[in-house]
Amino acid sequence: MPAWGDGRRLRVGLLGGSFNPAHDGHRFIATEALRRLGLDEVWWLVSPQNPLKPTRGMAPLAERAAGARRVAAHPRIRVTTIEARLGTRYTADTLAKLRRRFPRTTFVWLMGADNLDQISRWRAWSSIFRNHPVAVFDRAPYSYRALASKAARRFARNRLPLRKAPVLAGSEAPAWVFLPIRRHPASATAIRAGRHGAGGTPA
């Protein structure tokens with residue numbers, strides 16, 4: 001992973017997930033994050049296994065990472081399986097180790113509104129907000145419920161107005177912003193269902 005030679009901090013957005021499979025919706029969020037948050041790069045953290053998702057139907061890590069690289073196809077989007085090397089299962093633990101490994105990098109956690117809605121189920125979830133700026137992307141039909149969620153209410157005073165999105169990466173945590181974006185129709189669940197076909201054998 002690179003660092004700037006001019007001494008300034010690298011600003012990296014982290015988009016975690018199973019990427020089972022990666023699709024244009026992931027790429028859309030990443031490019032919007034680059035454009036609207038003033039980030040240098042976005043890293044896709046391809047998870048070995050999401051603790052909140054079943055193992056059934058989960059493609060091998062190497063297959064998911066290879067698919068993500070094909071979809072990303074952007075010089076400032078990096079696909080990594082670093083969680084497998086770090087030996088972490090939970091996002092809070094992954095972020096803590098990344099901070100230690102890359103002390104001159106500012107990490108911004110990126111997630112959809114669906115994850116904001118249920119992040120309070122994650123292990124040590126509040127530490128994610130307390131230690132990193134967070135950008136939440138609109139995702140139908142979760143957004144209204146997400147903005148009334150436990151996490152949104154707990155950190156309500158730390159929510160930045162939309163006009164401050166470009167300076168989120170330089171803001172002291174806790175700080176988060178909700179980004180209304182054009183809704184993208186891609187869905188990993190729908191893609192997997194389509195692969196199985198109508199009454200066919202799962203691929």
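The following paragraphs lead the reader through a predicted model of one protein chain, from its overall make-up to its core and its charged side chains.

The protein chain contains 9 helices and 6 strands. It has 203 residues, and 47% of them count as buried. The chain exposes about 10,600 Å² of surface, and carbon and sulfur atoms supply 50% of that area. The contacts show how the chain is folded back on itself in sequence terms: among contacts between residues at least 6 apart in sequence, 74% join residues at least 24 apart.

One residue of the interior serves as a useful example. L110 belongs to strand β4, which covers residues 105–112. Its relative accessible area is 1%, and because buried means under 20%, L110 counts as buried. Which residues does L110 touch, if those up to four places away in sequence are not counted? They are G13, L14, L15, A33, L37, V42, A135 and F137. One of these partners, V42, is 68 residues away from L110 along the chain, yet the C-alpha atoms of the two residues are separated by 9.1 Å.

Attention now turns to charge. Side chains of opposite charge can pair when their charged atoms come close. The structure holds 7 salt bridges. In one of them, the side chains of R11 and D40 meet, with a distance of 3.1 Å from N to O. R11 lies in strand β1 (residues 10–17), whereas D40 lies in the loop between α1 (24–37) and β2 (41–46), so this salt bridge ties together parts that are 29 residues apart in sequence. The two partners also differ in their exposure: R11 is partly exposed at 30% relative accessibility, while D40 is buried at 9%.

A further salt bridge joins the side chains of R123 and D93, at 2.9 Å from N to O. R123 is placed in the loop between α5 (113–118) and α6 (125–131), and D93 in helix α4, so the pair connects parts that are 30 residues apart in sequence. Here both residues count as partly exposed: R123 has a relative accessible area of 46%, and D93 has one of 27%.

R139 forms a salt bridge with D114, and the closest N and O atoms of this pair are 2.6 Å apart. The pair links distant parts of the chain, 25 residues apart, with R139 in the loop between β5 (134–137) and α7 (143–146) and D114 in helix α5. Is each partner buried or partly exposed? R139, at 36% relative accessibility, is partly exposed, whereas D114, at 17%, is buried. Salt bridges can also be joined to one another, and E32, R35 and R36 are linked in such a network.

Finally, some charged residues gather on the surface. R85, K97, R99, R100 and R101 form a patch of positive charge there. Which helix supplies the largest share of this positive patch? It is helix α4 (residues 91–101), which contributes 4 residues. K97 is found in this helix. K97 has a relative accessibility of 32% and therefore counts as partly exposed. Helix α4 thus appears in two parts of this account: it holds D93, the partner of R123 in a salt bridge, and it provides the largest share of the positive patch.

How values were computed:
Residues numbered from 1 in each chain as written. Predicted model: local features only at pLDDT ≥ 70, side-chain atom pairs only at ≥ 80, totals over all residues. Heavy atoms only, no water. Patch = residues over 30% accessible without salt bridge, like charges linked within 9 Å, V, L, I, M, F, W, Y side chains within 5 Å. Areas by Shrake-Rupley, 256 points an atom, 1.4 Å probe, with all protein chains shown as cover. Salt bridge = Lys/Arg side-chain N within 4 Å of Asp/Glu carboxyl O. Lys, Arg positive; Asp, Glu negative; His and termini not counted. Charge placed at Lys NZ, Arg CZ, Asp CG, Glu CD. Buried < 20%, exposed > 50% of the residue type's maximum accessible area, 1.4 Å probe, protein only. Contact = heavy atoms within 4.5 Å.
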